[in-house]
Amino acid sequence: MTGAGGLAAHGVVRRYGGITAVDGVDLAAPPGRVTALIGPNGAGKSTLFDCLAGTVRPDAGRVLLAGRDVTALPDHARARLGLLRTFQQIAAFQSLTVAENVRIGAEQVHGGLARGLLGLPPGEGRQRTVQENTERALRLLDLRPVRDWPADRLPTGALRLLELARALAAAPHVLLLDEPAAGLDQAQTARLTGVLRALAAEGTALLVVEHDVDLVAELADTVYVMAAGKVVAHGPAARVLADPEVAAAWGAA
C-alpha cells in the first residue's frame, strides 16, 4: 500500500456564525509518516478533520491531496482519490457480518482506491482484489475469528477495529483517524499501534487525532497542537510533547 502523496492544509478557515472554529491552519501529513493532531476539547480538531475529509468546505484556504487542490471536492470524491477517514462515533452496518462490513470498504476500489487494481481489467481481477483486500484487513486487525458475527454482537473495542478494517480494505493513500484508540483494551491498542506503523512503513500518510498522550508519544513522528482554532505548536513528537506550554494548552485531553 505505497502512498502516492500526502495531505496538506494551507490557511484553512472555517466559521460557524460568529465563531471561527478553524483559524488559518497550515498542516502537512506526508506519506510514510504518522502525524498527530492534539489539543483540548473545542480546539477545532474535528472541524479541521471535516475540512480535510470534505464533509464541510472551508471558508478560506486550500486543501491539497498529493499536490492536487481538492478544496471544492466533496468527501466521496476525495475518497475515490484515496483519502479515507474514521470517526469518533463508530459507524457500522449492524445487521451485516464483520466480513461484509469490511468488504464494503474494499468494494470502493472501483473508483481507483486500490493500487492492486492498477492494470487489472474489471470482472474476475476486480473481485479477486476485493477479496484479497477484505481478507488482509480482517487479518491485520485480528477480526477473522469473528468474521461471521453480525456487527451488533461486537463490543466497542472490536467495533472500533472493524471501522478501521473497513477503511484499510479500501487501500487509502491518506488515512484520517479520529480517536482510533477510544474503547480499545491494552491488547487491541498494541495491535492498532503495530498496524498503523506498518501502514506508514508502506507509504501511507496517517493523520491521527488522539487524546492518549502515551500513544501519541509512541506512534507519532510529528505533532501539531491546536488551541482556539489555531495551530500553536508543531514539530517532532518528542520535542513538542516535552514542551510545558504544550502540556498546559493540551490540559487533561
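This report covers two pockets, one helix pair and a few single residues.

The model is predicted.

## The two largest pockets

Start with the largest pocket. It encloses about 350 Å³ of space. The lining counts 17 residues, and those closest to the centre are Leu84, Arg85, Phe87, Gln108 and Arg166. Helix 2 (75-80), strand 6 (83-85) and helix 5 (156-169) are the elements that give two or more residues to this lining. By class, the lining of the largest pocket has nine nonpolar, four polar and four charged residues.

The second largest pocket holds about 160 Å³ of space. Its lining has 14 residues, with Leu141, Asp142, Leu143, Leu161 and Gln188 closest to the centre. Two or more residues come from helix 5 and from helix 6 (186-201). Helix 6 gives the largest share of the lining, three residues. In the second largest pocket, the lining divides into ten nonpolar, one polar and three charged residues.

Helix 5 is thus named for the largest pocket and again for the second largest.

## Helix 3 against helix 5

Helix 5 also packs against helix 3 (residues 98-107). The angle between them is about 35°, and the axes lie 6 Å apart. The crossing of helix 3 and helix 5 is right-handed.

Which residues of helix 3 and helix 5 meet? From helix 3 come Val98, Asn101, Val102, Ile104, Gly105 and Ala106. From helix 5 come Leu162, Ala165, Arg166 and Ala169. By class, this contact has seven nonpolar, two polar and one charged residues. Arg166 takes part in the helix contact, and Arg166 is also among the residues closest to the centre of the largest pocket.

## Four single residues

The table gives the place and accessibility of four residues.

| Residue | Place | Relative accessible area |
|---|---|---|
| Leu48 | helix 1 (residues 45-53) | 0%, buried |
| Thr97 | loop between strand 6 and helix 3 | 19%, buried |
| Asp142 | loop between helix 4 (124-140) and helix 5 | 45%, partly exposed |
| Glu179 | loop between strand 7 (174-178) and helix 6 | 17%, buried |

Take Leu48. Is Leu48 buried or exposed? Leu48 counts as buried because its relative accessibility is 0%, and buried means under 20%. Leaving out residues up to four places away in sequence, Leu48 touches Val12, Val22, Val25, Leu27, Leu37 and Met226. Leu48 and Gly229 are 181 residues apart in sequence, yet their C-alpha atoms are 8.7 Å apart in space.

Thr97 sits in a loop, between strand 6 and helix 3. Why does Thr97 count as buried? The relative accessible area of Thr97 is 19%, and the limit for buried is under 20%. Not counting residues up to four places away in sequence, Thr97 touches Arg147, Asp148, Trp149, Pro150 and Ala151.

## Positive phi angles

Most residues other than glycine have a negative phi. Asp142 has a positive phi of about 55° although it is not a glycine. Glu179 has a phi near 50°, also positive in a residue other than glycine.

Both residues are in loops. Asp142 lies between helix 4 and helix 5. Glu179 lies between strand 7 and helix 6. Their burial is as follows: Asp142 is partly exposed at 45%, whereas Glu179 counts as buried at 17%. Asp142 also returns to the pockets, being among the residues closest to the centre of the second largest one.

Terms used:
Residues are numbered from 1 along each chain as its sequence is written. This is a predicted model: local features need pLDDT of at least 70, side-chain atom pairs count only at pLDDT 80 or more; totals for chains, interfaces and linings use all residues. Side-chain values use heavy atoms; hydrogens and water are left out. On a 1 Å grid over the protein atoms alone, a cavity is a set of points where a 1.4 Å probe fits but cannot get out, and a pocket is an open set with protein on both sides within 12 Å along at least five of seven lines; lining residues have an atom within 4 Å of a point. Grid points are joined across faces, edges and corners, and a volume is the space filled by probe spheres set on the points. Helices (H or I, at least four residues) and strands (E, at least two) are DSSP runs, numbered from the N terminus. Ala, Val, Leu, Ile, Met, Phe, Trp, Tyr, Cys and Pro count as nonpolar, Asp, Glu, Lys and Arg as charged, and the others, Gly among them, as polar. Axes are lines fitted to C-alpha atoms, for helices over the stretch in contact, and angles run from 0 to 180 degrees between N-to-C directions. A crossing is left-handed if the near helix is turned anticlockwise from the far one by less than a right angle, and right-handed if clockwise. Contact means heavy atoms within 4.5 Å. Buried means under 20% relative accessible area, exposed over 50%, partly exposed in between (1.4 Å probe, protein chains only).
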